[in-house]
Amino acid sequence: MSDTRIRLLHEDDWPDVIAAEERAYAPSGLSEGGAALRSRHRASPSTCFVLEDADGFCGYLLALPYPLFRCPDLGRAESDGAGRGSSGTSGSNLHAHDLVITERARGRGLADRLLLHLEETGRQAGYRTLSLVAVRGSQVLWSRLGYRARPEIGLPASYGTEAVYMAKPLAGPSADTVPSPSRAEVG
């Protein structure tokens with residue numbers, strides 16, 4: 001694993017990112033397409049990463065500020081101000097929207113490594129929670145990494161019926177809990 005490195009996503013990475021996303025998600029109907037993926041990156045370029053080794057591209061992680069208990073709709077690109085609270089601020093939650101490890105690099109613990117990198121990035125930027133949507137039964141993996149399932153949170157239909165919203169505290173005095181949603185926070 002020492003031959004792998006994590007870096008910020010660059011413009012010339014998009015062909016690899018789009019191809020990896022399509023291979024990972026198209027068979028289950030969850031592929032977003034290039035325009036939506038690029039919009040997630042534009043929303044927060046400092047929290048979108050590529051993983052590479054001596055043989056090149058190994059995977060990516062797209063994350064963006066999003067209000068706790070909400071998530072991007074797979075069927076829509078982010079627009080200016082999307083995902084932000086009504087005051088126009090991004091709040092204290094960082095949403096890990098999409099993570100893909102290429103077929104050749106799987107089984108090396110690289111997804112965990114990317115998530116740990118995101119957690120550290122989030123802590124340094126002052127985020128208090130990290131959220132994601134578990135798809136295709138992956139909540140078992142995310143639970144192992146400290147994410148708590150929040151089945152009461154409604155998700156856009158684009159995620160399908162099996163998806164589960166999950167959240168994890170990052171740091172601070174109340175790091176052992178994630179707040180409960182109020183009626184106003186749930187879509």
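Is Phe69 buried or exposed, I wondered, as I opened the notebook? At 2% relative accessibility, Phe69 counts as buried. One reminder to myself before going on: this is a predicted model.

**Entry 1: Phe69, continued**

I looked up where Phe69 sits and found it in the loop between strand 3 and strand 4. Then I checked its backbone. Most residues other than glycine have a negative phi. Phe69 goes the other way, with a positive phi of about 75°, although it is not a glycine. I noted a second case, Arg136, where phi is positive at about 50°, and that residue is not a glycine either. Arg136 lies in the loop between strand 5 and helix 4.

**Entry 2: the whole chain**

Next I stepped back. How many helices and strands does the chain have? I counted up 4 helices and 7 strands. Reading from the N terminus, I get the order β-α-α-β-β-β-α-β-α-β-β. The chain has 187 residues, and 47% of them count as buried. I also looked at contacts between residues at least 6 apart in sequence: 73% of these join residues at least 24 apart.

**Entry 3: the cysteines**

I went looking for disulfides. A disulfide is a covalent bond between the sulfur atoms of two cysteines. The structure holds 0 of them. I still wanted to know how hidden some cysteines are. Cys48 has a relative accessible area of 0%, so it is buried, the cut-off being under 20%. Cys58 is buried as well, at 0%. Cys71 comes out at 11% relative accessibility, and it counts as buried because that is under 20%.

Cys58 got a closer look. It is in strand 3. Leaving out residues up to four places away in sequence, Cys58 touches Leu51, Glu52, Asp53, Val100, Ile101, Thr102, Arg104, Ala105 and Leu110. I picked Arg104 from that list: it is 46 residues from Cys58 along the chain, yet their C-alpha atoms are separated by 7.5 Å.

**Entry 4: helix 2 and its surroundings**

Which residues of helix 2 are buried? I wrote down Gly34, Ala36, Leu37, Ser39, Arg40 and His41. The buried residues of this helix pack against helix 1, strand 2, strand 3 and strand 4.

I followed His41 first. This helix 2 residue counts as buried at 13% relative accessibility. Apart from neighbours within four places in sequence, His41 is in contact with Leu9, Trp14 and Cys48. That last name sent me back to Entry 3, where I had Cys48 down as buried.

Then I tried Glu32, which is placed in the loop between helix 1 and helix 2. Is this charged residue buried or exposed? Glu32 counts as buried, at 13% relative accessibility. What does its side chain join by a polar contact of 2.5 Å? The partner is the side chain of Arg40, which I had already listed among the buried residues of helix 2. Setting aside neighbours within four places in sequence, Glu32 is in contact with Glu21, Leu37, Arg40, Leu74, His97 and Asp98.

**Entry 5: Arg123**

I moved over to helix 3, where Arg123 lies. With a relative accessible area of 34%, Arg123 is partly exposed, because that value falls between the 20% and 50% cut-offs. Leaving out residues up to four places away, Arg123 touches Leu170 and Ala171. Arg123 and Ala171 are 48 residues apart in sequence, but I get 6.7 Å between their C-alpha atoms.

**Entry 6: the largest pocket**

Last, I searched for empty space. Rolling a probe the size of a water molecule over the atoms shows where such space is left. The largest pocket has a volume of about 550 Å³. Its lining has 30 residues, and nearest the centre are Tyr25, Leu99, Val100, Arg136 and Trp142. So two names came back to me here: Arg136, with its positive phi, and Val100, one of the residues that Cys58 touches.

Which elements give two or more residues to the lining? They are helix 1, strand 4, helix 3, strand 5 and helix 4. Strand 4 gives the most, with 6 residues. I sorted the lining by residue type too, and it divides into 20 nonpolar, 4 polar and 6 charged.

Definitions and conventions
Residues are numbered from 1 along each chain as its sequence is written. This is a predicted model: local features need pLDDT of at least 70, side-chain atom pairs count only at pLDDT 80 or more; totals for chains, interfaces and linings use all residues. Side-chain values use heavy atoms; hydrogens and water are left out. On a 1 Å grid over the protein atoms alone, a cavity is a set of points where a 1.4 Å probe fits but cannot get out, and a pocket is an open set with protein on both sides within 12 Å along at least five of seven lines; lining residues have an atom within 4 Å of a point. Grid points are joined across faces, edges and corners, and a volume is the space filled by probe spheres set on the points. Ala, Val, Leu, Ile, Met, Phe, Trp, Tyr, Cys and Pro count as nonpolar, Asp, Glu, Lys and Arg as charged, and the others, Gly among them, as polar. A disulfide is a pair of cysteine sulfur atoms within 2.5 Å. Buried means under 20% relative accessible area, exposed over 50%, partly exposed in between (1.4 Å probe, protein chains only). A polar contact is a pair of N or O atoms within 3.5 Å; within protein, one must be able to donate a hydrogen and the other to accept it, and residues adjacent in sequence count only if both atoms are side-chain atoms. Contact means heavy atoms within 4.5 Å.
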